[in-house]
Amino acid sequence: MTKEEALKTYFGYDAFRGGQEPVIDALLSGRDALAIMPTGAGKSVCYQIPALLLPGITLVVSPLVSLMRDQVTQLVQMGVPAAYLNSTLTFKQYLLALSRAKAGRYKIIYVAPERLETEGFRAFAETADISLVAVDEAHCISQWGQDFRPSYLNIPAFVKSLPKRPVVGAFTATATPDVKEDIERLLELRDPLRVTTGFDRENLYFEVQQPDSKKAALLELVQGRPGKCGIVYCATRKNVEEVCGFLQERGVAATRYHAGLEAEERRRNQEDFLYDRAQVMVATNAFGMGIDKSDVRYVVHYNMPKDIESYYQEAGRAGRDGLPSSCILLYSGQDVRTNEFLITHSEPREGLDARTAEMLRERDLQRLRKMAGYCRTRRCLRQHILRYFGEFAPDYCGACYNCLHNFEEVDVGREAQCIIACVSELNQAFGVGIVAETLCGAETDKVRKYHLDREQSYGALKDLTQKEVRERIRFLLEEGVLTLSPGQYPVVRLGERAEDVMRGGQPLLMKTVKEELPAAPRRAVPDELEGPAAELFQRLRNLRARTARMQGVPAYVVFTDRTLREMALARPRTVAELRAVSGVGDAKASRYGKAFLAEIAAFEGEG
């Protein structure tokens, strides 16, 4: 069987995506490979195709229990003999799986890195014919990466201990140049093929909001996408509980996921989301790595992550099927201060000397500043992300909030002088909210408590809303005119440029939204179906849901939305025509073809 035949037979695709074929060719020829591909670009195919064609077993090393179960389920559905060995198995289940592995029942075995050190697994590996070791989430081997795991450092020793060194492939979605070098050096890759397909996900729309009420903004985003699956990421378990309860109280089918829940509830909630019983998953970043749910239409970050690597990886869980999807971040200055506090006060990693620990802390603070810069920029958001990863990007993408809005520069010099005067009158002792209330002449309890209505600057900007004043304060913070004190409850202080602004003479230009511009298509992505095609698509989705329930698998494991859309447009009448639809391999055509062809025929008969 050729690689093209394997792709069509098992996966149902006629052609490889960009970057996949050279990686597959390298691994099949016995050459190591390092592949940097964004989430949803098809990294798993790069090692699954070689696994099918190489003579022995492929070990996939992954830290992600959910990914193992998810991918093995999909592989079995496609007719590929696969298994996983991790802590979710009982001892009896583990022994049975290991016995079957020894008998050569599997082509692909997923293992956690810690498993490589156990006596039982080592005994199996010493006698097994292992052709390929694929290291997924390879950035975890680097202490400079965003998710360092010491257990990954044991992988090279395991590979060396095997009777015959297998070819090694390393795969990750996000890696800076330093992390790429670490992966290659620490995994001891031999003359590897290096492939970076580019980090751009053209089907994703990016937006940053700075709402007065995050809960209200989130509810509007969720209710504006009825029937769509979404993930809402929160920074803390407390926020997860509050946000999930808030959405549930307002009739949203939401569930929750964080490390503080019992393992059984985490499993049940995750399955509710995967099986479409819950529309929205509210979670900490403990959820999602390795989740291969392809029809997530939006990812909302309720809190700003600590770095762009984490943000792009989490946001990239939207639109894995290539259909248009949204990535929206709800930003506030408090997010920056919370992350600063966590970075500054976190315990250093075990085994690090003081100098290295301090270097890592400073690196984390630098990453945080770049993440905050993304949230504040008025330039193209996609460009900001891609340039962070060292990739060229034009000034205009036509598919992010900043590119779809026309900004005008407004001279805020007079307002800035009023704000500076107010901060000075308040003895640099209050936060952004109270400064804005004072300037707008608000009659709040705190204004009355501290007699701020007696200050000369009280009501000085009453022609602006508090939101507009806060926007100007944020701008002055970015320009160094004002600063914020450290700590959990920061106060506004005068910055180095405050005196210059008070003297005047130079305009102080702030960009504000003037008008919304029409979207510019970046490439051909499928639009919403209309008319009969939309009706048939919904009927096929309903059939898929019933089939998935009977099979005990997530709906997208049966067929993805993208495959169903193509069916609704092509309306195949025979098994041969069905196999021509992208995503329909031989096993799925045999298992599900009759039912889906019957549904299409019934729809056409009714027409």
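This report describes a parallel sheet, a pair of packed helices and two residues with positive phi in a predicted model.

## The six-stranded sheet

Six strands form an open sheet in the order β8-β13-β12-β9-β11-β10, and their pairing is parallel. The edges are taken by β8, residues 204-209, and β10, residues 254-257. Each of these two strands has a single partner, so one side of each is left without a neighbour in the sheet. From one strand to the next, the twist averages 15 degrees.

At the β8 edge, the partner is β13, which spans residues 325-330. The two strands pair in the parallel sense over six bridges. Within this pairing, Q209 has L330 of β13 as its bridge partner.

## The helix across the sheet

Helix α9, residues 214-223, lies across five strands: β8, β9 (229-233), β11 (280-283), β12 (296-301) and β13. Relative to β13, helix α9 runs at about 175 degrees. Strand β13 is thus a bridge-paired partner of β8 and also one of the strands that α9 lies across.

## The packing of α21 and α23

Two packed helices are described by the angle between their axes and the distance between the axes. For α21 (residues 531-551) and α23 (residues 561-570), the angle is about 130 degrees and the axes are 9 Å apart. An angle of this value makes α21 oblique to α23, since oblique covers angles that are not under 35 degrees, not over 145 and not from 65 to 115. The crossing of the two helices is right-handed.

On the α21 side, the contact is formed by A533, L536, F537, L540, R541 and R544. These meet D561, L564, R565, M567, A568 and L569 of α23. Sorted by class, the contact comprises eight nonpolar and four charged residues, with no polar ones.

## Two residues with positive phi

Most residues other than glycine have a negative phi. E137 has a positive phi, near 50 degrees. Its position is in the loop that runs between β5 (130-135) and α7 (155-161). E137 counts as buried because its relative accessibility is 9%, and the cut-off for buried is under 20%.

Q428 likewise has a positive phi near 50 degrees and is a residue other than glycine. Q428 is placed in the loop between α16 (413-425) and α17 (432-439). With a relative accessibility of 31%, Q428 counts as partly exposed, a class that lies between the cut-offs of 20% and 50%.

Key
Residues numbered from 1 in each chain as written. Predicted model: local features only at pLDDT ≥ 70, side-chain atom pairs only at ≥ 80, totals over all residues. Heavy atoms only, no water. Pairing = 2+ DSSP bridges. Helix = DSSP H or I, 4+ residues; strand = E, 2+ residues; numbered from the N terminus. Axes fitted to C-alpha atoms, helices over the stretch in contact; angles between N-to-C directions. Contact = heavy atoms within 4.5 Å. Left-handed = near helix turned anticlockwise from the far one by under 90°. Nonpolar A, V, L, I, M, F, W, Y, C, P; charged D, E, K, R; others polar. Buried < 20%, exposed > 50% of the residue type's maximum accessible area, 1.4 Å probe, protein only.
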